[in-house]
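Student: I have a new model open and want a quick tour. Can you walk me through it?

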Amino acid sequence: ANCEIEEVTEKGASLVWRVGGNDLRPGNTISGPTMMTLADFAMYAAILGEIGIVGLAVTTNMNINFLRKPSADQNLRGICKLIKVGKALIVAEVWIYSVDQMDEPVAHVTGTYSIPPQNQK
């Protein structure tokens, strides 16, 4: 697997994407879809860490700002923070870094997940 969960914290998660040849684009950079996938995995891990294993929790919105060119020869780290945890929607953000430059993010992602209603007993 390309993606590894480093840790799941209260309302957060940190994941590493092991960059391979399929993740690279011309110009020796990492593709946008690779960064979006890392961000989606990070949000999903943080959400399930917060609310437990909930089937059918799905991404309903995702926005990415590419801030600078990532290092093509370095893995990526995605650090997720859950901004709002509601009953029906969860809003999260993910900062993505090249692991050799943790002070300079390469992308910032925001996303919303829809949580299905839980059966009331």
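Student: What are the elements here, and how many of each?
Tutor: This is a predicted model. The protein chain has one helix and eight strands.

Student: In what order do the elements run from the N terminus on?
Tutor: The order is β-β-β-β-α-β-β-β-β. The helix therefore follows four strands and precedes four more.

Student: How does the radius of gyration compare with the globule rule?
Tutor: The radius of gyration is 15 Å, and the rule gives 14 Å for 121 residues. Those values are close, so the chain is as compact as a globular protein of that length.

Student: And what does the C-alpha trace span along its principal axes?
Tutor: About 55 × 25 × 25 Å.

Student: How much of the chain is buried?
Tutor: Buried residues make up 41% of the 121 residues.

Student: What about the accessible surface?
Tutor: It comes to about 6800 Å². Carbon and sulfur atoms account for 51% of that surface.

Student: Contacts next. What share of them join residues at least 24 apart?
Tutor: Take the contacts between residues at least 6 apart in sequence. Of these, 62% join residues at least 24 apart.

Student: How many charges are there, and how far apart are their mean positions?
Tutor: The chain has 10 positive and 12 negative charges. The mean positions of the two sets are 9 Å apart.

Student: Switching to backbone. What is the phi of Lys-11?
Tutor: Lys-11 has a positive phi of about 55°, and it is not a glycine. Most residues other than glycine have a negative phi.

Student: Where does Lys-11 sit?
Tutor: In the loop between strand S1 (3-9) and strand S2 (12-17). Lys-11 counts as partly exposed, because its relative accessibility is 37%.

Student: Which residues does Lys-11 contact, leaving aside its neighbours within four places in sequence?
Tutor: Glu-50, Cys-80, Lys-81, Leu-82 and Val-85. Also look at Ile-83: it is 72 residues from Lys-11 along the chain, yet their C-alpha atoms are separated by 8.0 Å.

Student: What about the phi of Asn-28?
Tutor: Asn-28 also has a positive phi, about 55°, and is not a glycine. Its place is the loop between strand S3 (24-25) and strand S4 (29-30).

Student: Is Asn-28 buried or exposed?
Tutor: Exposed, because its relative accessible area is 53% and the cut-off is over 50%.

Student: Cysteines now. How many disulfides does a search of the whole structure find?
Tutor: Zero. Cys-3 is in no disulfide, and its nearest cysteine sulfur, that of Cys-80, is 12 Å away. Cys-80 is in no disulfide either. A pair would have to be within 2.5 Å, so 12 Å does not qualify.

Student: Is Cys-80 buried or exposed?
Tutor: Buried, because its relative accessible area is 4%. Cys-80 is also one of the residues that Lys-11 contacts.

Student: Last one. Where is Gly-111?
Tutor: In strand S8, residues 107-114. Gly-111 is buried, with a relative accessible area of 2%.

Student: What does Gly-111 touch, not counting residues up to four places away in sequence?
Tutor: Met-43, Asn-61, Met-62, Ile-90, Val-91 and Ala-92.

Student: And how far is Gly-111 from Gly-78?
Tutor: Their C-alpha atoms are separated by 13 Å. Along the chain, the two glycines are 33 residues apart.

Note on methods:
Residues are numbered from 1 along each chain as its sequence is written. This is a predicted model: local features need pLDDT of at least 70, side-chain atom pairs count only at pLDDT 80 or more; totals for chains, interfaces and linings use all residues. Side-chain values use heavy atoms; hydrogens and water are left out. Helices (H or I, at least four residues) and strands (E, at least two) are DSSP runs, numbered from the N terminus. The radius of gyration is taken over C-alpha atoms; the globule rule is 2.2 Å times the number of residues to the power 0.38. Buried means under 20% relative accessible area, exposed over 50%, partly exposed in between (1.4 Å probe, protein chains only). Contact means heavy atoms within 4.5 Å. Accessible areas come from the Shrake-Rupley method with a 1.4 Å probe; for residues, only the protein chains shown count as cover. Lys and Arg count as positive and Asp and Glu as negative; His and the chain ends are not counted. The place of a charge is taken as NZ of Lys, CZ of Arg, CG of Asp or CD of Glu.
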